[in-house]
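User: I'm new to this one. Can you walk me through how to read it?

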Amino acid sequence: AIIPFPNALVAEYLLDPESRGVAAATYGISMFALAAVFNLVWWYAFRRGLFKPECNRDDLLKVVKSYLVGPIVYAFATALSLVAAPVALVIYVVVVFGYWAEGPIGGIDEGYIETGG
């Protein structure tokens, strides 16, 4: 629900040199918050053993650790956005393609979480 607002800000102020830094920072803060919550959910599930028993714990740990990159990169790009908004926006795009290229949940197929049913 939060994603449309920062996206609209970036779209509206992308070509305005005076405002695009604030728009890019708002986008970065939003994406950082989403990435942080995403990480919290994955760490919670990992620590509580909510994954199916047939999932390799070492592989799961690699995936969980790989997701830590998102908040770190978003925090860096958000700070950078106030002085170099176009560079920060490129970094935001690279993060998306990085996760996309990683594949489905770091190569772990569907059905990795116990649903209780």
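**Surface, helices and cores**

Analyst: Let's start outside: the protein's accessible surface comes to about 7600 Å², and 68% of that belongs to carbon and sulfur atoms. Such areas come from the Shrake-Rupley method with a 1.4 Å probe, and for residues only the protein chains shown count as cover. This is a predicted model, where local features need pLDDT of at least 70, side-chain atom pairs count only at pLDDT 80 or more, and totals for chains, interfaces and linings use all residues. Residues are numbered from 1 along each chain as its sequence is written, and side-chain values use heavy atoms, leaving out hydrogens and water.

User: How many helices and strands are there?

Analyst: Helices (H or I, at least four residues) and strands (E, at least two) are DSSP runs, numbered from the N terminus. Here you get five helices and zero strands.

User: Which residues of H3 are buried?

Analyst: Buried means under 20% relative accessible area, exposed over 50%, partly exposed in between (1.4 Å probe, protein chains only). In H3, residues 57–66, the buried ones are Leu60, Val63, Val64 and Ser66. Down the H3 axis they fall within an arc of 165 degrees, so they line one face of the helix; the arc is that of the directions from the helix axis to the C-beta atoms. Asp58 and Lys62 are exposed on the other side of H3.

User: Which residues have the most contacts inside the largest nonpolar core?

Analyst: A nonpolar core is a set of buried Ala, Val, Leu, Ile, Met, Phe, Trp, Tyr and Cys residues joined through side-chain atoms within 4.5 Å. The largest has 17 residues, and Tyr74 and Tyr92 have the most contacts inside it. H5 gives the most to this core, with six residues.
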